[in-house]
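Take a look at the protein below. Turn the structure around before you read on.

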Amino acid sequence: IHMRFEIEMERMKQMHQKELEDKEEELEDVHKSSQRRLKQLEMQLEQEYEEKQMVIHEKHDLEGLIATLCEQVSPLPNTYTDTPQASQIQYNTDTNVYM
């Protein structure tokens, strides 16, 4: 009876050890997967930031170009700008609207 008890105890220990190893492996897999996903999200965030910076830079360039063109066109007399309303039209770079 004592021998049977020891055998059963050893079997239970092995089962428990196997369960622990399986859980550790599962946890390690989840950790690796999470790390990969985190790296992907970091790369995506960096790419989106760079794209946003490029768009902001292009926007500023275009606003400058529009302002320059408005300055060049504004002093030229012609039939369209000789009217009182047309001579008061200005481009507001803060709101991106002609006023």
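The paragraphs that follow go from the overall layout to confidence, salt bridges and surface patches.

Start with the layout. This is a predicted model. The protein has 99 residues. Its secondary structure comes to 2 helices and 2 strands. Read from the N terminus, the order of these elements is α-α-β-β. Find helix 1, which covers residues 2-73. Then find helix 2, at residues 84-87.

How far can each part be trusted? The predictor gives each residue a confidence score, pLDDT, from 0 to 100. The average for the protein is 85. A score of at least 70 is reached by 77% of the residues. Now compare the elements. Helix 1 has the highest mean pLDDT, 95. Helix 2 has the lowest, 52.

Next, the surface. What share of the residues is buried? Buried residues make up 2% of the protein. The protein exposes about 9500 Å². Carbon and sulfur atoms supply 59% of that area.

Now turn to charges. Side chains of opposite charge can pair when their charged atoms come close. How many salt bridges does a search of the whole structure find? The search finds 4 salt bridges. Three of these pairs are described here, one at a time.

Take Asp-22 and Lys-18. They form a salt bridge, with the closest N and O atoms 3.0 Å apart. This counts because the cut-off for such a contact is 4 Å. Both residues lie in helix 1. They are 4 residues apart, which is about one turn of the helix. How open is each partner? Asp-22 is partly exposed, with a relative accessible area of 35%. Lys-18 is partly exposed too, at 47%.

Move along to Lys-32 and Glu-28. Their salt bridge has its closest N and O atoms 3.3 Å apart. Again, both residues are in helix 1, 4 residues apart, or about one turn. Lys-32 has a relative accessible area of 44%, so Lys-32 counts as partly exposed. Glu-28 is also partly exposed, at 44% relative accessibility.

Then look at Glu-63 and Lys-59. Their side chains meet in a salt bridge, at 3.8 Å from N to O. This pair also sits in helix 1 with a spacing of 4 residues, about one turn of the helix. Is Glu-63 buried or exposed? Glu-63 counts as buried, because its relative accessibility is 12% and the limit for buried is under 20%. Its partner Lys-59 is partly exposed, with a relative accessible area of 43%.

Some charges gather in a patch instead. Which residues form the negative surface patch? They are Glu-21, Glu-24, Glu-25, Glu-26 and Asp-29. Pick out Glu-26, which lies in helix 1. Glu-26 is partly exposed, with a relative accessible area of 47%. Residues need over 30% to join a patch, so Glu-26 passes that cut-off.

End with a nonpolar patch. Phe-5, Met-9 and Met-12 make this surface patch. Its area is about 300 Å². Where is Phe-5 placed? Phe-5 is in helix 1.

Look back over the model once more. Helix 1 holds the salt bridge of Asp-22 with Lys-18, that of Lys-32 with Glu-28 and that of Glu-63 with Lys-59. Helix 1 is also home to Phe-5 from the nonpolar patch and to Glu-26 from the negative one.

Conventions: Residues are numbered from 1 along each chain as its sequence is written. This is a predicted model: local features need pLDDT of at least 70, side-chain atom pairs count only at pLDDT 80 or more; totals for chains, interfaces and linings use all residues. Side-chain values use heavy atoms; hydrogens and water are left out. Patches are made of residues with over 30% relative accessible area and no salt bridge: like charges are joined within 9 Å, nonpolar side chains (Val, Leu, Ile, Met, Phe, Trp, Tyr) within 5 Å. Accessible areas come from the Shrake-Rupley method with a 1.4 Å probe; for residues, only the protein chains shown count as cover. Buried means under 20% relative accessible area, exposed over 50%, partly exposed in between (1.4 Å probe, protein chains only). Lys and Arg count as positive and Asp and Glu as negative; His and the chain ends are not counted. The place of a charge is taken as NZ of Lys, CZ of Arg, CG of Asp or CD of Glu.
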